[in-house]
Amino acid sequence: MTEEVQKHSVHTLLFRSLKRTHDMFVSDHAKPVALDEESHKLKMNVKLRTEYGPVLHMPVLKEVRGKALNSSDPIDSSGYMPVDGDAEYLITGTHPYPAAPGVALTADTQLQKMPSEAGIQSMALALPPSQARQDLARTAASVGDIHRHAGGAERSQPPQHTMSLMEAGGMKNTTLIPRKAPTMPKPQWHPPWKLYRVISGHLGWVRSIAVEPGNQWFVTGSADRTIKIWDLASGKLKLSLTGHISTVRGVAVSTRSPYLFSCGEDKQVKCWDLEYNKVIRHYHGHLSAVYDLDLHPTIDVLVTCSRDATARVWDIRTKANVHTLTGHTNTVATVKCQNAEPQIITGSHDTTIRLWDLIAGKTRATLTNHKKSVRAIVLHPRQYTFASGSPDNIKQWKFPDGNFIQNLSGHNAIINTLAVNSDGVLVSGADNGTIHLWDWRTGYNFQRIHAAVQPGSLDSESGIFACMFDHSESRLITAEADKTIKVYKEDDTATEETHPVNWKPEILKRKRF
């Protein structure tokens, strides 16, 4: 009777074969690789020059020199080991890991007995005047120590006591001390916000909001093609302006003149005189829907951005198109202006944010950190910083170069709008109707709101298109997809005990990308 051969998969057979081959040929796997003298010497020379190059010419402390003369330590007055003719220096590793084999210094790397005057001068100039002498002394002493205890003492000393060497071209030299792990600062407590008024009147989605400088009334622009002016205190309708032939996507009230500016999907940018409630100027030039606009705080300039991938700078008085800011490759969704440089900031569906030089009409910087379209940007009222909102993250940035500060993660929706007040409350409003409130400094999300849609609306019509604090910063006004305007205020009854900060720093790790 023939014995059946057990069948194995090709995979198993292949691995068996590999294993056998391995066992056959690696019988000497424990033997160290033979050391090549020449390459080792070369490597050590390079290491020596790289690690200690900047400190080989350093002067020595007077005190150390005095001690050296009086002591029986075999170190001459220069602070280095005495040189016996062509005696070879043997320098072993000076870091707290096991020392490498010694290496003879070549003619090129022989230690200078006395530092040159030029070397001392340049060193003194390079160091900050107040600490120059002290740091110079400390460095010199540590170099002396290196040569004196070459390869010996450093093994017995814990790493934190080891003096760090001067970095290449570095200025200061400090003791390495165990550093505490970075901790997140505790978020400031903010009272929660609550809905206290719902204003109806528009017949379409409410797309934009602006509050007038006197804080008496505010303006909304809607998909019903009208602009409505509301009393801020009572929420009553004061005025309706008609003239746009498509959705009104942006409104702004001038602080310098009695003008209201509006833009819409009909490619039109209008200037309304609020004394006569009539359009007095049109700004022609955009080739597609105009999505946002902003007024420069100190000069008579209007900036608009559009689906034609440009932002345009207009002279308000003459209606001239001063600059066309080109560079974005997709819809420019949001634009903001400020006094300081960069005076114009735009966010686009091409996922980038651009900081613009207003005078030249060119890009100063392009921020490419976002992975999805940037639909909202907000400038902090007091700090020289700003935030941008995108479905991937809300990111905070530092002016003027757009240095990244931190991510605010957790609002996983299409963020249409951002607002921030002087207390450091950042509000993000999303396409799914959710509002998240954040502590600006720490990025802690202290409240989430999802207000019920107006009765009679479709459930899907739950979305925040714009939000803004009034000038007293005690009211938050939101423009929504259920055709209403909702007004929120801080809950006066809340305390730190009733609404504690639920702060878990180990969860809220800051991502650095």
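## A polar contact at T310

A polar contact is a pair of N or O atoms within 3.5 Å, where, within protein, one atom must be able to donate a hydrogen and the other to accept it. In this predicted model, the side chains of T310 and D308 form such a contact at 2.7 Å.

T310 lies in the loop that runs between β11 (301–306) and β12 (311–315). Its relative accessible area is 9%; the residue is therefore buried, since the cut-off is under 20%. Leaving out residues up to four places away in sequence, T310 touches H286, T304, C305, T324, L325, T326 and V332.

## Strand β14 and its hairpin

One of the residues touched by T310 is V332, and residue 332 begins strand β14, which spans residues 332–337. This strand is mostly covered, with five of its six residues buried.

Strand β14 is antiparallel to strand β15 (residues 344–348), and five bridges join the two. Within this pairing, V335 is placed opposite T346 of β15. The connection from β14 to β15 is a hairpin of six residues.

## Cysteines

How many disulfides does a search of the whole structure find? The count is zero. C305, which is among the contacts of T310, takes part in no disulfide: the nearest cysteine sulfur belongs to C263 and is 7.2 Å away. A disulfide requires the two sulfur atoms to be within 2.5 Å, so the 7.2 Å between the sulfur atoms of C305 and C263 does not qualify.

C337 is likewise in no disulfide; for this residue the nearest cysteine sulfur is that of C305, at 10.0 Å. Are these two cysteines buried or exposed? C305 is buried, because its relative accessible area is 0%. C337 is also buried, with a value of 8%.

## The protein as a whole

The protein has 513 residues, of which 46% count as buried. Its secondary structure consists of six helices and 28 strands. Taking contacts between residues at least 6 apart in sequence, 49% join residues that are at least 24 apart.

The accessible surface comes to about 27700 Å². Carbon and sulfur atoms account for 54% of that surface.

Note on methods. Residues numbered from 1 in each chain as written. Predicted model: local features only at pLDDT ≥ 70, side-chain atom pairs only at ≥ 80, totals over all residues. Heavy atoms only, no water. Helix = DSSP H or I, 4+ residues; strand = E, 2+ residues; numbered from the N terminus. Buried < 20%, exposed > 50% of the residue type's maximum accessible area, 1.4 Å probe, protein only. Contact = heavy atoms within 4.5 Å. Areas by Shrake-Rupley, 256 points an atom, 1.4 Å probe, with all protein chains shown as cover. Pairing = 2+ DSSP bridges.
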